[in-house]
Amino acid sequence: QVQLVESGGGLVQPGGSLRLSCATSGIIFKNYVMGWYRQAPGKQREAVAVITSGGIINYRDSVKGRFTISRDNAKNTVYLQMNSLKPEDTAVYYCNADFYPQKYWGQGTQVTVSS
């Protein structure tokens, strides 16, 4: 059974930091492209950061320089370090594992940036 379990979300003030983790099981983690997506109320889900099995990374423009994605293949876990958080970063953040044609999602973790 495939499981992706996110953790690390919460309430933080503008300018603060959070580190999200996504622990996986049931997949050969090292083969998967891993990504973080987010969905704000009333908006479509959007990609935030993606890291390939080979370590190639892409970020959406609005988080470049503030967010860092990383993966630990020994722990089957992907991380998202989020610094200098802004209110517009408020959303449910989802972990994604992609190895065509298989694609899996976590249950999501809420991130709220507010004073």
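Visitor: What is the relative accessible area of Lys103?
Guide: Keep in mind that this model is predicted. A residue is called buried under 20% and exposed over 50%, with partly exposed in between. Lys103 belongs to the partly exposed group, because its relative accessible area is 44%.

Visitor: Which residue meets the side chain of Lys103 in a salt bridge?
Guide: The N to O distance of this contact is 3.9 Å, and a salt bridge needs the two atoms within 4 Å. The partner is partly exposed, at 26% relative accessible area. The residue that meets Lys103 is Asp98.

Visitor: Is Arg38 buried or exposed?
Guide: The limit for being buried is under 20% relative accessible area. Arg38 has 6%, so this residue counts as buried.

Visitor: How many residues apart in sequence are Arg38 and Asp89?
Guide: Their side chains meet in a salt bridge, at 3.0 Å from N to O. Arg38 lies in strand 4, while Asp89 lies in the loop between strand 8 and strand 9, so the pair ties together parts of the chain whose separation is 51 residues.

Visitor: Which strands stand at the edges of the open sheet of four strands?
Guide: The strand order is 1-3-8-7, with antiparallel pairing. An edge strand has a single partner strand, so one of its sides is left without a neighbour in the sheet. Those at the edges are strand 1 and strand 7.

Visitor: What is the bridge partner of Ser7 in strand 3?
Guide: Strand 1 and strand 3 pair in the antiparallel sense over five bridges. Ser7 belongs to strand 1, which covers residues 3–7. Its bridge partner in strand 3 is Ser21.

Terms used
Residues are numbered from 1 along each chain as its sequence is written. This is a predicted model: local features need pLDDT of at least 70, side-chain atom pairs count only at pLDDT 80 or more; totals for chains, interfaces and linings use all residues. Side-chain values use heavy atoms; hydrogens and water are left out. Two strands pair if DSSP finds at least two bridges between them. Helices (H or I, at least four residues) and strands (E, at least two) are DSSP runs, numbered from the N terminus. Buried means under 20% relative accessible area, exposed over 50%, partly exposed in between (1.4 Å probe, protein chains only).
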